[in-house]
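Reader: I'm new to reading protein structures. Could we go through this one together, one question at a time?

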Amino acid sequence: MPQQQQQRRLFTAALLALVFILAAVSTTEAGKKEKPEKKAKKSDCGEWQWSVCVPTNGDCGLGTREGTRTGAECKQTTKTQKCKIPCNWKKQFGAECKYQFQAWGECDLNTALKTRTGNLKRALHNADCQKTVTISKPCGKLTKPKPQESKKKKKEGKKQEKMLD
């Protein structure tokens, strides 16, 4: 008889555990159904619009950017975010735009400039970047062929002057 009571208690405990698990699962499913309603409230808020990154010191390195969004039910409409502007990027095209540049072209003798183009490789934080950019720089020293005879004549002239002295 005691063995039957022990089996009944074990059966009752297992049954209660099963009921408890089913109740927990149904509560979890009910909780999942409520989440889309919460998301619907969040959808009243607009997308975050970010300003350009403003470096703390100089024109590159660590800085901050301001974000804003609109919406009647939004708890937060502005926030500040840390950002970084790489120091090796060409800042004349926007500090948040990275370009892959081709080799420098031949020197234009009329303008004394050489040019190259770059294609957009990466834009940080959805920055508004040009797809293709062109840059120019001075050609450097243009070497003009100098006649070698004039140098030799000058050297010979100096030698003769020293001999005369």
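Reader: What percentage of the residues in the protein chain is buried?

Author: Happy to start there, keeping in mind that this is a predicted model. A residue counts as buried when its relative accessible area is under 20%. Of the 165 residues in the protein chain, the buried share is 16%.

Reader: In what order do the helices and strands of the protein chain run?

Author: The protein chain has two helices and seven strands. Reading from the N terminus, the order is α-β-β-β-β-β-β-β-α.

Reader: Is R65 buried or exposed?

Author: Let's place R65 before judging it: this residue is found in strand β3, which covers residues 61-68. Its relative accessible area is 2%. The cut-off for buried is under 20%, so R65, at 2%, is buried.

Reader: Which backbone oxygen does the side chain of R65 reach?

Author: Away from its neighbours within four places in sequence, R65 is in contact with several residues, including W50, S51, V52 and C53. The side chain of R65 comes to 2.5 Å from one backbone oxygen, that of S51.

Reader: How many residues apart are C53 and C83, the pair that links distant parts of the chain?

Author: A search of the whole structure finds four disulfides, and one of them joins C53 to C83, with an S to S distance of 1.9 Å. C53 sits in the loop between β1 and β2, while C83 is in strand β4. Both C53 and C83 are buried. Along the chain, the separation of C53 and C83 is 30 residues.

Reader: Is the link of C97 and C129 left-handed or right-handed?

Author: The sulfur atoms of C97 and C129 are joined at 1.9 Å. C97 lies in strand β5 and C129 in the loop between β6 and β7, so this pair ties together parts that are 32 residues apart in sequence. The angle about the S-S bond is -85°, and the link of C97 and C129 is left-handed.

Reader: Why is the disulfide of C107 and C139 right-handed?

Author: C107 and C139 form a disulfide with their sulfur atoms 1.8 Å apart. What decides the hand is the torsion about the S-S bond: the disulfide of C107 and C139 is right-handed because that torsion is about 100°.

Reader: Which relative accessible area makes C139 buried?

Author: Its partner makes a nice contrast: C107 is partly exposed, with a relative accessible area of 27%. Buried means under 20%. C139 is buried because its relative accessible area is 16%.

Methods:
Residues are numbered from 1 along each chain as its sequence is written. This is a predicted model: local features need pLDDT of at least 70, side-chain atom pairs count only at pLDDT 80 or more; totals for chains, interfaces and linings use all residues. Side-chain values use heavy atoms; hydrogens and water are left out. Helices (H or I, at least four residues) and strands (E, at least two) are DSSP runs, numbered from the N terminus. Buried means under 20% relative accessible area, exposed over 50%, partly exposed in between (1.4 Å probe, protein chains only). A polar contact is a pair of N or O atoms within 3.5 Å; within protein, one must be able to donate a hydrogen and the other to accept it, and residues adjacent in sequence count only if both atoms are side-chain atoms. Contact means heavy atoms within 4.5 Å. A disulfide is a pair of cysteine sulfur atoms within 2.5 Å.
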